[in-house]
Amino acid sequence: MAQSGRREPAPAGDICAHRRCTLGYSFRDATLIPHLALPHPGRTAVRMNATSGHHVLPVSRLGDLFSALRSAGWNLAGPRIRDGAIVYDELETAADLPAGWTDEQAPGKYGLKKRGDGALFGYVVGPHSWKKYLFPPTVRMWSATKTADGMEVEVPQPAAPPTAFIGVRACELAAIAVQDKVFLGSGFVDPVYKARRDNIFLVAVNCGQAGGTCFCSSMNTGPKARGGFDIALTEILEDGHRFLLESGSERGERLVALLAAPAASDADRSAADAAVARAVSMMGRTMETSGVKELLQRNYEHPRWDHVAARCLACTNCTMVCPTCFCSTVEDVPNLSLDRSDHVRTWDSCFTSDFSYIHGGSVRPSVKSRYRQWMVHKLSTWHDQFASSGCVGCGRCITWCPTGIDITEEVREIRASDGANT
Ligand code: SF4
Ligand code: SF4
């Protein structure tokens, strides 16, 4: 059973049970070694604006960036193809990237196809998000073992493998900032999240195209990364395959200096701007956000909730793929000889009836009440709880919903008949 912990203000009529919810260069530059007390990339080290001029790196030298990070002790994680999707996984070299592939996304639909060029980041976000590294799906919190005298409790140190995230999109940087507020900035610090968050290096990639379910422009979170990264890349395919490099932290600047990348020309900068402008023009969806907080709260009994409930399977996909959802539950897992039990935290979802099971029953017994709770929280009560939207416009919940429920459409329909309460 999911227990009630931290609670967001609940709209009238509902009870909230949401829980916390490489090359011959020497890259052994000590300033890049993750275990040294480096400034925190997301909260103290990274300045919110670019800190240096722009540089340009030919695609043939992207591997140098990877090698530099690896030589400094960072594990690399980034996009690669697995099981018919582009997911985040361990990377060895730049050759692991999905070169020449793109994705096609629509409500309830995802597929890969060849692009016809050698783009390394020519796709948008897939079913994975970086939260799987920072807020892992399963964590052993503590274990209890029977002893001759009673019981011994062991609390493991939170694991924090130094990891460079390669290819973090602007909306994903925004999602990490949202989870920073949840796990670090709301009066309680989650030690598991903090240990991992303090040990990452962020290589952002500005989007050169948008997907059919993307709406980051509406949420003011992309497609260009404006801060929160160590280095940002923009892939340029015209007139020579290359990357525009921009540093966003002192250690990012040091890495760019180690690469000895030449300064970017006006043509390089214009080409990078054009790539981002192309992404803006391709944005698959929009959401009108003005007054959405109040709109949803005054339409708590709108008939549209019944319409969406008739299509929602309560499968939890939307919450699993969402980069900001943070609900979890805890379980005790005994061994077969019953002399040891592990206390394990796992991802949970507000779409299950168990999640809101309190005092003998679920406070959200209907699918309608669960979908409404999720969407109202994302777009409305999240503002009360964390002073921001809980949605960054990545579009994952639309793509990976088996029935193609579209959060932007739901807002549009409610807005179109504002006040049509039953
Ligand atoms: S609610 Fe949907 S579009 Fe918004 S951040 Fe979550 S998955 Fe992305
Ligand atoms: S909205 Fe879609 S993805 Fe989310 S629980 Fe319902 S059916 Fe599943």
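1. Helices α2 and α7 are oblique to each other in this predicted model, since their packing angle is about 125 degrees and therefore falls neither within 65 to 115 degrees, which would count as roughly perpendicular, nor over 145, which would count as roughly antiparallel. Helix α2 covers residues 62-71 and helix α7 covers residues 250-259, and their axes lie 10 Å apart. The crossing of α2 past α7 is right-handed.

2. On the side of α2, the contact is made by Asp64, Leu65 and Ala68, while α7 contributes Leu255, Leu258 and Leu259. Sorted by class, this contact comprises 5 nonpolar residues, 1 charged residue and no polar residues.

3. Ligand 1 has 13 residues around it, and those that come nearest are Cys322, Cys391, Cys394, Arg396 and Cys397. The shell of ligand 1 divides into 8 nonpolar, 3 polar and 2 charged residues.

4. Ligand 2 likewise has 13 residues around it, of which Cys312, Cys315, Asn317, Cys318 and Cys401 come nearest. In the shell of ligand 2, 10 residues are nonpolar and 3 are polar, with no charged residues.

5. As to confidence, the protein has a mean pLDDT of 89, and 87% of its residues reach 70 or more. Two stretches call for caution: pLDDT stays under 50 over residues 1-31 and also over residues 35-51. The model nevertheless has 75 contacts beyond four places in sequence for residues 1-31, and 43 such contacts for residues 35-51. Predicted coordinates should not be read in detail where pLDDT is low.

Methods: Residues are numbered from 1 along each chain as its sequence is written. Chains are lettered from A and ligands numbered from 1 in the order in which they are written. This is a predicted model: local features need pLDDT of at least 70, side-chain atom pairs count only at pLDDT 80 or more; totals for chains, interfaces and linings use all residues. A residue is near a molecule or strand if its C-beta atom, placed from the backbone, lies within 6 Å of it. Ala, Val, Leu, Ile, Met, Phe, Trp, Tyr, Cys and Pro count as nonpolar, Asp, Glu, Lys and Arg as charged, and the others, Gly among them, as polar. pLDDT is the predictor's confidence in each residue, from 0 to 100. Two residues are in contact if their C-beta atoms, placed from the backbone, lie within 7 Å. Axes are lines fitted to C-alpha atoms, for helices over the stretch in contact, and angles run from 0 to 180 degrees between N-to-C directions. Helices (H or I, at least four residues) and strands (E, at least two) are DSSP runs, numbered from the N terminus. Angles under 35 degrees count as roughly parallel, over 145 as roughly antiparallel, 65 to 115 as roughly perpendicular and the rest as oblique. A crossing is left-handed if the near helix is turned anticlockwise from the far one by less than a right angle, and right-handed if clockwise.
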